[in-house]
Amino acid sequence: MADKVHVKTVINGEAVEFLCEPRDSLLEVLRDNLMLTGAKEGCNNGNCGACSVILNGRLVNSCLVLGAEIEGKEVETVEGLAEPNKLHPIQDAFLENAALQCGVCTPGFLMAAKALLNENPNPTEHDVRFWLAGNLCRCTGYDKIVRAVLDAAETMSTEVNA
Amino acid sequence: MAVEKEYKVIGTRPIRHDGVDKVTGRALYGADYQAAGLLHGRVLRSPHAHARIKSINTSRAEAYPGVKAVVTAADLTASQDKIVDLGEGAVNLKFMCDNILAREKALYKGHAVAAVAALNGHIAEEALELIDVEYEVLPSAIEVRAAMQDDAPLVHEDMKTDEMGKQSENSSNIASHFQHKKGDIEKGFAEADVVIEHDYVTGTVHQGYIEPHNASAVYNADGEITIWCSTQGAFNARGQVAEILQHPVSKVKVVPMEIGGGFGGKISVYLEPLAALLSKKSGRPVKVLMSREDVFESTGPTPASYVRVKIGATNDGRITAAEAYIAFEAGAYPGSPVGAAAMCVFSPYKIENGFIDAYDVLVNKAKTNAYRAPGSTNVAFATETIIDEICEKIGMDPIEFRLLNSAKEGDSRVDGPVFPRIGFIETVEAAKDHPHYSAPLEGKHKGRGTATGFWPNFAFKSSVSINVNPDGTISLVEGSTDIGGSRASIAMQAAEVLGISAESVHPTVVDTNSVGYTDVTGGSHTTYTTGLAAYEAAQDVKSQMIERAAKLWEVDAKEIEFADGIFRYVNGKEEEIDFKGLAEKLGQTGGPLMGRASVAPSGAGSSIGTHIVDVEVDVDTGKVEILRYTATQDAGKAIHPSYVEGQIQGGAVQGIGWALNEEYIFNEDGQMTNASFLDYRMPTSYDLPMIDAVIVEVPHPGHPFGVRGVGETPIVAPPAAIANAIYDAVGVRLTELPMSPERVLKALGKI
């Protein structure tokens, strides 16, 4: 077994240090080392998006990133989405639109939606469907998820303009 | 009896109680279990579809640094043939045990052979490679029709056929054969002006829940076993674990974690007994996880099937006779949903002359399991496309044909049961009246199709207890794991009874030591049965609260009325108090108050949906695009309409996936070659339009609010509706699922 790697990084705005094996994925580090179990393992090969996090502003599958790779970088996970006692508008929109059933894909969708709205604050339905195609949901048929993301975009742009 | 009423809570759309936990990442699913000293377990699986296990040597794995325990079938007490009833149908204990760890033979690729617990998952995976298994590879039976032949390789050498209740003399892969007959089939076909008959083939399809199976266990020195897992039914899992480990059921506690989808696939246990054995051997908590590949290869998908249906009708559109031959792949052990398929194949039509011939067939594939209306989708694909063809031949609108041939209350199904009040006509009329049905569809290679889906629904057993809190809220304790919002739909029924808001109910799903027996979240029963338990428990609370008000006012309880959340005494002095006010006074009127109910109703009330789909077929690539989709369904009474819509939309999309993309692809050795989400392609958001879910409400007379289960029916109609739309678009009838680009091109004669 190779020696563990010492990694200094920023997760959800806080400086974090951890030790991991060189082969540990970011998903394993988040879940098993740091107890951030919001990111889920659905396939462990980048096909389902349940482990989606934002790395230096970019949406990634954390199962396809090594833990050691996040040295000096910034990671956003679902645990950092809400402010204390105030949900993020995307979270509110998912609740209002009943955009989750079992909820296991939800953290990944929330992070994917956040990355989308960072890049494109006023997406069309087509934009949303295209962007979210990397995240699988088996319960909802996507209808209510797409509506929730469109609603969140509207709320967020209203807040910005207010 | 259900009557049309004004409700305060039912029919509204509150935020679900577990919503915040689930959008913040705080909800703990099975794989999120953590404990000090936790070991990580992985399972070694057979690479062969059929092989005799000549020897297993685990010594190298046991010696590997970081490995704490290795188990094989030798650690599992051999079980005798014994039929045990675990709440949702009887199962053979030996088969159930042998599926946990292969004993003499591995019966499918992915069959568990050994399991390892180690300091982390990587070490466990490395150790699996150090287990030496000597296999003698055997020829395999991998397709239902071939497996039924006399000279087919036998999955179980000693399997006899249950031939209409009698045991056959010869061994066979046909585990059972049964028939249903009604009327005079020959006379019926003789009366027909049009008779259509086709063969249909459907592939193996997986439920595709995003969360892989998982199980964690602690096996204490005193023999107390605690299991944390993602299961559709904690009590059912407890029963299976107790039987498999031959351990007292009262010494097994199952803690149901949040569950990331099930659709029928998380009823059987796979990892739970292994986690317990590994914990026993290592003396530490053990968490065992499946990979996605494991999930595809080793858990129960829904069966591949061969179905032949023949229907006769008169020129004026009346069905005169219907006949079906249904052969389902059970997988490596008996028990495909062919029985349910036989219930559904001609339902909900009025059939005077019917014959159903059905077979449960063993093949060297993972034991199949329930998948959303199990069996119904396979056979509806046949019946509903034949009806479309009959309508074309006689020049009748398929919607009119369905209205004309609808079964009604009092009609009997071909398999016997008599229909209660059903909402078939109403869903068909809702489809007919929907703007989609009459909207123009212009352009080349576009077509519209309709189909109806039926599921009988089931009524199981459930328990609920309610504690009244001093702030006027209630804590509702239930045993139904919440897969799609059932905390809300159950809580709302208690809230309605007690005249409080949905938010004033705090529902909690608890472990098997903390609530009365409750069956699996399955069979579309949860909102119906557990909702009924919540209704009854709330009634219990109500009566006790009336007693408390009587005590408070020093009057006779019989003279107190409760309506709209207010307790009133109207005989002489004017006294009234609301639920919250009285809850505050529990301390001075006798102390804590709890209500409870356990229910075991019968007659769940069938569920029916009619779908309309528009497609566009790319005749160069064979790809079928869904342009527009409308699904009507009878919900009896929608408790939380958003989650009813969600069930309809999600089910329809699973049906679309089944129709167009999804299937296991096996090589000639019976090995699945597409065990990943890349190669087993489920629909993404980009493949779909919005799904217009139309809720029809024909109250179920057996539920106080009229609830019918809604979860399963919506998957049934899509493949047939899409096949009918493809025919409308390009003039070819497809009879094999999925209707992949390759099959569409073949049907078009392009390849």
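This briefing covers salt bridges, a pocket, cavities, a sheet and some buried elements of the structure. The model is predicted. Over all chains, 54 salt bridges are found, and the search for enclosed spaces gives nine cavities of 30 Å³ or more. The second largest pocket has a volume of about 1100 Å³, and elements of both chain A and chain B contribute to its lining.

**Salt bridges**

- Side chains of opposite charge can pair when their charged atoms come close.
- One such pair is B:Arg45 with B:Asp294, at 3.2 Å from N to O. This salt bridge links distant parts of the chain, with B:Arg45 in strand S1 (residues 39–45) of chain B and B:Asp294 in helix H9 (residues 292–298) of chain B, 249 residues apart. B:Arg45 and B:Asp294 are both buried.
- B:Arg413 and B:Asp415 form another salt bridge, in which the closest N and O atoms are 2.9 Å apart. Both of these residues, B:Arg413 and B:Asp415, are buried.
- B:Glu742 and B:Lys746 meet in a salt bridge of 3.3 Å, N to O. Both belong to helix H20 (residues 741–747) of chain B and are four residues apart, about one turn of the helix.
- An α-helix has 3.6 residues a turn, so residues three or four places apart point the same way.
- Unlike the buried pairs, B:Glu742 is partly exposed, with a relative accessible area of 47%, and B:Lys746 is partly exposed at 49%.
- A network of salt bridges links B:Arg16, B:Asp18, B:Lys22, B:Glu258, B:Asp482 and B:Arg487.

**The second largest pocket**

- This pocket is lined by 50 residues, of which A:Glu28, B:Arg42, B:Gly121, B:His122 and B:Glu125 are the closest to its centre.
- From chain A, strand S2 (14–20) and helix H1 (26–33) each supply at least two lining residues. From chain B, S1, helix H4 (121–128), strand S16 (286–289) and H9 each do so as well.
- The lining of the second largest pocket consists of 18 nonpolar, 14 polar and 18 charged residues.

**The largest cavity**

- The largest cavity holds about 140 Å³ of space. Its lining has 19 residues, and those closest to the centre are B:Glu297, B:Lys365, B:Ala366, B:Tyr664 and B:Phe666.
- H9 and strand S18 (319–331) of chain B are the elements that give two or more residues to this lining. H9 of chain B is also among the elements that line the second largest pocket.
- By type, the residues around the largest cavity are ten nonpolar, five polar and four charged.

**A four-stranded sheet in chain B**

- Strands of a sheet pair through backbone hydrogen bonds, either parallel or antiparallel.
- In chain B, four strands form an open sheet with mixed pairing, in the order S20-S28-S29-S30.
- Strand S20 (446–455) and strand S30 (691–696) of chain B each have a single partner strand, so they stand at the edges with one side lacking a neighbour in the sheet.
- Neighbouring strands of this sheet are turned against each other by 15° on average, direction ignored.
- Strand S29 (residues 624–634) of chain B runs parallel to S30(B), and six bridges join them. Across this pairing, B:Thr630 stands opposite B:Asp692 in S30(B).

**Buried elements and a buried loop residue**

- Helix H8 (residues 272–282) of chain B is mostly covered, with nine of its eleven residues buried. Among the buried residues of H8(B) are B:Glu272, B:Pro273, B:Leu274 and B:Ser282.
- B:Gly283, just after H8(B), takes a positive phi of about 70°.
- Strand S15 (residues 252–256) of chain B is largely enclosed by the rest of the structure, because four of its five residues are buried.
- S15(B) pairs in the parallel sense with strand S14 (residues 225–229) of chain B over five bridges. B:Trp228 has B:Val255 in S15(B) as its bridge partner.
- B:Thr713 is found in the loop between S30 and helix H19 (718–730) of chain B. B:Thr713 counts as buried because its relative accessible area is 1%, and buried means under 20%.
- B:Thr713 and B:Met343 are 370 residues apart along the chain, and their C-alpha atoms are separated by 13 Å.

Conventions:
Residues numbered from 1 in each chain as written. Chains lettered and ligands numbered in written order. Predicted model: local features only at pLDDT ≥ 70, side-chain atom pairs only at ≥ 80, totals over all residues. Heavy atoms only, no water. Salt bridge = Lys/Arg side-chain N within 4 Å of Asp/Glu carboxyl O. Buried < 20%, exposed > 50% of the residue type's maximum accessible area, 1.4 Å probe, protein only. 1 Å grid on protein atoms, 1.4 Å probe; cavity = no way out; pocket = protein on both sides within 12 Å on 5 of 7 lines; lining within 4 Å. Points joined across faces, edges and corners; volume = space filled by probe spheres on them. Nonpolar A, V, L, I, M, F, W, Y, C, P; charged D, E, K, R; others polar. Pairing = 2+ DSSP bridges. Axes fitted to C-alpha atoms, helices over the stretch in contact; angles between N-to-C directions.
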